[in-house]
Structure formats: C-alpha cells, structure tokens
Amino acid sequence: MRAIEITQPGGPEVLQICERPVPSFKAGEVLIKVQAAGINRPDVFQRTGNYSPPPGASDLPGLEIAGEIVDGDFAGSSFKKGDLVCALVQGGGYAEYCSAPAAQCLPLPDGWSAVEAASLPETFFTVWSNVFDRARLSPGETLLVQGGSSGIGAAAIQIATALGHRVFATAGSDEKCRACEALGAERGINYRSEDFAAVIKAATDGKGVNVILDMVAGDYVPREISCLADDGRLVFIATLGGSSASIDFRQVLMRRLTITGSTLRPRPIAFKAAIAAQLRERVWPLLAAKKIKPVIFKTFPLEQAAQAHTLMESSSHIGKIMLTT
C-alpha cells in the first residue's frame, strides 16, 4: 500500500510517499480501506520529533480516518465487512489501509462524505472528553474556546452551541472571528486587537465563563483565571503558547477553580470506547440533523501531505485540512 512516512524529524519536506505492507489487525480490531484522513497538530509535533507514537502504535502519522471496513475481528461488534466508518486511531492514518479498534469506530453520519466524516474523530473525541467529561460543562453554563477557528475550536463551538450553551471564541483575525460566529459563537474575540478577558467579563456581567478550553497556555493563563466564574474549570489540551505560567493561587482557592488537562492518544481503548458511545448517543443525531456541519478548509491528495502540513503550520486555515487516498 502507499503511505506517508516521516523520514527524519524536520520540516514538512520530511514527509515522503512510500510503500508499506498492508497492516494486520489484532483481536477486536478492523481493517479499513482509507478514503480520507485528517491532519492534526499532533501529526506536526510527531513530524518534528516532539510527540512519539505510543508503544505498539504505527510510526506513520495520522490519528483519524474514514473508509470501508474490508476485514477484521467482528466478535462483539456491531460492524461488518463493507460498512463505512470513521475511526480514531493511534497512528497510521496517512495510508491506504489502517487498522483500528472496532470500539473506536463510528458509522458515517447520514449524508456525510468520507472526507467530511474523517474530519470528526480526533476533534470530536478530544472536545467531548475534555469539555463535557473532564470539565463537566453543564446545562446553562458558558464556554470560552481558545483558537476557535481551528479544527478543535470549530468542533467545540458547534457541539456546545448545538447542546444549548453560550459560547465565546478567540481567533487571530477579524475574518476568523466572523467564522467562529457563523459556527455559533456568540462573540468572536480577536486576540491580536482585543483583551479576551475584558470582553468576557463585559459579556457576562462580570461573572466570567464556567469552562475554558485552551490549547495555548503560557501567558494566557493568568487572564483565563481572571475571567473564570466562581467554581470555573480551565482545561488544557496543548501548550502552543508555552508550558509555564505565573498563577495567583489565591484566586484558585478563594473561587474554587479547577485547572486540569489531558492528552487523548495514549489513553486505553476502553476509555476511548466510552467516548465513542457518548458521541454516538449525544452528538451523532445532531450531525444527521445538520445541526453540526463539516468545516473543511482544503483537501490534498495523499502524495501532497507535505503541502498540507505547510498549510497547517501557516495557521491561515479555518477548520480542517484533509488528505484523500
């Protein structure tokens, strides 16, 4: 099969097309003929040598795919050969075939193409796990999404809005802020020209938001703490702005704040299977009803993975960047 491998740590040019054996599948896994795969920031970190695959995972990049099941161990699974699915994987998505735990597969939403469906798993699993499970966003509560025009951001805005929450989002240009608002955010905040903490306090009558989903960290953290409501939760999924910050812990104590975070890739199959079940019950009906729509910025053929990574690193995109096989 054709695949994209990382020839050495480095820039996008180290992504090269290669021939690899079709992967085998283990107990509880299915083999998928990949039609589309999503590009995500962890792929970039892996390419630069800063995010190694977990033990036993493929060395090929790619964490989310969609395609046709062509073989597998179907014991205890609702899937069968020929089913069209999207799946969260630990690696190996930049290829014509990829194995995946059946428990981490979800059916293609009604009316969605393979490219559209492949844009879902990494972002939707991440958002559900962190915003709704870890940060416990509850009915009537408000959410601030940092990086609202990213794939993760677009997913968070749409899911939370569809479930009835007030959502605010930051982005790096007025165009991106308007895109966040088109996805459902009440207010897009241009972090280059506005103080997001001041905007949030004004928009919430000084109360602040209940949950913040943050992929920036660094010097954002003190301002985030200042615009959290009492009993608010700040959850980190990346540290693009730096991995250290100065925190006034008196605020944490006096206002009962929670600071937490997680990474999804190394978590066990059972953990991800539980998220898949929640998504299928709570979110998949919203997809079928078109209350949540795909946000695809650009699609590249597999051979142009390097160009796709160059676009990802430019941060000029709004939504997802995809590969097709």
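Helices (H or I, at least four residues) and strands (E, at least two) are DSSP runs, numbered from the N terminus. The views below show a predicted model, in which local features need pLDDT of at least 70 and side-chain atom pairs count only at pLDDT 80 or more, while totals for chains, interfaces and linings use all residues. Residues are numbered from 1 along each chain as its sequence is written, and side-chain values use heavy atoms, with hydrogens and water left out.

**View A. Helix α3 is mostly covered.**
The helix spans residues 121-134, and 12 of its 14 residues are buried (under 20% relative accessible area with a 1.4 Å probe, protein chains only; exposed is over 50%, and partly exposed lies in between). The buried positions begin with P121, E122, T123 and F124. They carry on through F125, T126, V127 and W128, then S129, N130, V131 and F132. Past α3 comes R136, which has a positive phi near 55 degrees. The helix returns in View B, where α3 lines the largest pocket, and in View D, where α3 lines the largest cavity.

**View B. The largest pocket holds about 950 Å³ of space.**
On a 1 Å grid over the protein atoms alone, a pocket is an open set of points with protein on both sides within 12 Å along at least five of seven lines, whereas a cavity is a set where a 1.4 Å probe fits but cannot get out; lining residues have an atom within 4 Å of a point. Grid points are joined across faces, edges and corners, and a volume is the space filled by probe spheres set on the points. For this pocket the volume is about 950 Å³. Its lining counts 42 residues, and R41, S150, M215, A238 and L240 are the closest to the centre. Two or more lining residues come from each of α1 (41-47), α3, α4 (151-162), β9 (166-171) and β15 (320-324). Helix α3 gives the most, with 4 residues. By class, 17 of the lining residues are nonpolar, 19 polar and 6 charged (Ala, Val, Leu, Ile, Met, Phe, Trp, Tyr, Cys and Pro count as nonpolar, Asp, Glu, Lys and Arg as charged, and the others, Gly among them, as polar).

**View C. The second largest pocket has a volume of about 510 Å³.**
This pocket is lined by 29 residues, of which E29, G56, A57, S58 and S99 are the closest to its centre. Strand β6 (97-101) and helix α9 (269-288) each supply at least two residues of this lining. The element that gives the most is β6, with 5 residues. The lining of the second largest pocket divides into 15 nonpolar, 8 polar and 6 charged residues.

**View D. The model has 2 cavities of 30 Å³ or more.**
The largest cavity encloses about 80 Å³. Of its 15 lining residues, the closest to the centre are S119, F124, Q158, V295 and K320. Helices α3 and α4 are the elements that give two or more residues to this lining, and α4 gives the most, with 4 residues. The lining of the largest cavity is made up of 8 nonpolar, 5 polar and 2 charged residues.
The second largest cavity has a volume of about 30 Å³. L63, L88, V89, Q90, E122, L264, R265 and K272 line the second largest cavity. These residues divide into 4 nonpolar, 1 polar and 3 charged.

**View E. Strand β5 is mostly covered and pairs with two strands.**
Strand β5 covers residues 84-88, and 4 of its 5 residues are buried. With β4 (residues 64-72), β5 pairs in the antiparallel sense over 5 bridges (two strands pair if DSSP finds at least two bridges between them). In this pair E64 stands opposite L88 of β5. Strand β7 (residues 105-107) also runs antiparallel to β5, joined to β5 by 3 bridges. Here V85 has P107 of β7 as its bridge partner. L88 also appears in View D, in the lining of the second largest cavity.

**View F. An open sheet is formed by 6 strands.**
The order of the strands is β10-β9-β8-β11-β12-β13, and the pairing is parallel. Strands β10 (187-190) and β13 (258-261) stand at the edges with a single partner strand each, so one side of each has no neighbour in the sheet. Within the sheet, β11 (residues 209-214) and β12 (residues 228-236) pair in the parallel sense over 5 bridges. I212 stands opposite L234 in β12. Strand β9 of this sheet also gives two or more residues to the lining of the largest pocket in View B.
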